[in-house]
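This report introduces a structure to a reader who has not met it before. The sequence and the structure are shown first, and a description follows.

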Amino acid sequence: MLRSRPPLPVLKYYAYKATASVGLATPIWVLFLRANGLSFTEIMVLDAIWWIGITLGEVPTGYVGDRIGWKNSLVVGNVLRAVAVVAMGASGTFWALAGIYLLWALGSTLQSGSTDAWLYEVLDRGGEDDSDEFTRIRGRGQSLTLAVGAAGSVVGGYLGDVSLRWPFYATGALFAVGVVVLMTFPSVSVEDDDRITAADALPILRERLLSVELRGFVLWVAVVLAIASATSRLTQPVAVGLGVPQVWLGWLYGGFTLLGAGASYRADWIRDRFGLLGWVVVAPAITGVALALALVAPLAAMPAFVLVRAVNAPTNTLASQYVNDRIETAGRATVLSGVSMVNAVVAIPFGVAVGRVADSSQYLALGLAGIALVLLAGVASVRLSGGLVSVPNALEAD
């Protein structure tokens, strides 16, 4: 059901999503780490530390979100993220950054399951068909984050040209605004009768994640997101190596992000035109081909980076609704955090592997990642079409 004007909670959700971007720091992130003397291997190890923090924190913090309320979980998580990004800008040693990455991971886990759980429940309680709006509203919220990130990338590129620390401080200020917005959210959480105990959390998590409906789907989406994350880390060194001036990186990332924003904004259109299976399998396979071309044509890496971002954003949104539609209110944030934990577990080996190969050749790392994505997409197409998502428009509303 479409509305001429979104309800107030949805407008607040959009306002929060506008503050959730790290676009200000993104264009100079790897350059900042390199300027502080870190090798590419150390940078990938920091990413692995972040993913380990996500892995260890997802289920406990998802359970915390179900217990203390999703709004409270979001507020605390955003405070931790604000502190972490400012501390990152002020630091420079590997071990200090390792601790900051862990703090940031904790803040992220407090938000990962609770954000979608809060939105889904707000829409579900707003009317019988309102949960069908989840894909549309989440997609638009994500596109808003990306659009703000695009503008922030341009600003961050210029700020970074003055000092590589300034974009991190500016991001901390943006996150602080997000904390203020989150504090105005209505307190939507599970009812007392639906609250789960610590003893209930793991059985619920195991039952849902190992179900026929979710296990293959969740694992495949985790692979797609892991390869996208690992290869995207090479954007800055590859771009600079191809002759892109540092100050232009903000514009480059702004363009990347706008494309992702447009794709996320049209997530419901993508669902209706291509179907869930068509998008989450075929689109990553095409992305894999683009990445593989970097082996023989280094310039092909740039459009491949664009495609990675265009595929990533709507895949996140469509996957989130698919999972949400198959879990109950009780333990919703716990299960969603469990999905994020799977994403983290899968991301660690892919990230480390890409990093190790990139020490020898960044283009070889991109090419091998692309070939792996194509081969795994072939396996996924067989496994998922065998019963998990047998109807092309599996997410289409009745």
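## Overall description

The protein exposes about 15800 Å², and carbon and sulfur atoms supply 65% of that area. The model is a predicted one. The protein holds 15 helices and zero strands. Of its 398 residues, 56% are buried. Among contacts with a separation of 6 or more, 87% join residues that are 24 or more positions apart.

## Nonpolar cores and helix 9

The largest nonpolar core contains 80 residues, and the members that touch the most others are Phe217, Trp220, Leu234, Phe305, Val323 and Leu366. Helix 9, which covers residues 215-232, supplies the largest share of this core, with 12 residues. There is also a second, separate core of 23 residues, which includes Ala25, Leu46, Phe94 and Phe175.

Why can helix 9 be described as largely enclosed by the rest of the structure? Of the 18 residues in helix 9, 14 are buried, so the helix is largely enclosed. The length of helix 9 can be checked as well. At 1.5 Å a residue, its 18 residues should span 26 Å, and the C-alpha atoms at its ends are 26 Å apart, which agrees.

## Helix 11 and its surroundings

Helix 11 runs over residues 249-265; at 1.5 Å a residue its 17 residues should span 24 Å, and the end C-alpha atoms are 24 Å apart, in agreement. The buried residues of helix 11 are Leu249, Gly250, Tyr253, Gly254, Phe256, Thr257, Gly260, Ala261, Ala263 and Ser264. Which helices do the buried residues of helix 11 pack against? Their partners are helix 2 (29-35), helix 6, helix 9, helix 10 (235-241), helix 12 (267-292) and helix 13 (301-324).

Tyr265 also lies in helix 11. With a relative accessible area of 40%, Tyr265 falls between the limits of 20% and 50% and is therefore partly exposed. Leaving aside neighbours within four places in sequence, Tyr265 is in contact with Gly139, Arg140 and Ser143. Tyr265 and Gln142 are 123 residues apart in sequence, yet their C-alpha atoms are 7.4 Å apart in space.

One of these contacts of Tyr265, Arg140, is placed in helix 6, residues 134-162. Is Arg140 buried or exposed? Its relative accessibility is 16%, so Arg140 counts as buried. Not counting residues up to four places away in sequence, Arg140 touches Tyr14, Ser264, Tyr265 and Asp268.

Another residue to consider is Tyr120, which lies in helix 5 (residues 94-126). Tyr120 counts as buried because its relative accessibility is 7%. Tyr120 and Asp325 are separated by 205 residues in sequence and by 9.4 Å in space, C-alpha to C-alpha.

## Aromatic rings and charges over rings

The structure holds 12 aromatic pairs. A pair of aromatic rings is described by the distance of the centres and the angle of the planes. Two of the pairs have Phe274 as a member, and their values are set out below.

| Aromatic pair | Centre to centre | Angle between planes | Arrangement |
|---|---|---|---|
| Trp269 and Phe274 | 6.1 Å | 75° | edge-to-face |
| Phe274 and Trp279 | 6.0 Å | 50° | tilted |

The pair of Trp269 and Phe274 counts as edge-to-face because its angle of 75° is over 60 degrees. For Phe274 and Trp279, the angle of 50° lies between 30 and 60 degrees, so this pair counts as tilted.

The residues of these pairs can also be described by their accessibility. Trp269, at 31% relative accessibility, counts as partly exposed. Phe274 is likewise partly exposed, at 45%. Trp279, by contrast, is buried, with a relative accessible area of 12%.

Elsewhere, Tyr13, Tyr14, Tyr16, Trp118 and Phe185 form one aromatic cluster. A member of this cluster, Tyr14, is among the residues that Arg140 touches.

Which ring does the charged end of Arg81 sit over? It sits over the ring of Phe175, 4.2 Å from the ring centre. Phe175 also belongs to the second core of 23 residues. Arg34 lies over the face of Phe40, at 4.3 Å from the ring centre.

Notes: Residues numbered from 1 in each chain as written. Predicted model: local features only at pLDDT ≥ 70, side-chain atom pairs only at ≥ 80, totals over all residues. Heavy atoms only, no water. Core = buried A, V, L, I, M, F, W, Y, C linked by side-chain atoms within 4.5 Å. Buried < 20%, exposed > 50% of the residue type's maximum accessible area, 1.4 Å probe, protein only. Helix = DSSP H or I, 4+ residues; strand = E, 2+ residues; numbered from the N terminus. Expected span 1.5 Å × (residues − 1). Phe/Tyr/Trp six-rings, centres within 6.5 Å; stacked < 30°, edge-to-face > 60°. Lys NZ or Arg CZ within 6 Å of the ring centre and 35° of its normal. Contact = heavy atoms within 4.5 Å. Areas by Shrake-Rupley, 256 points an atom, 1.4 Å probe, with all protein chains shown as cover.
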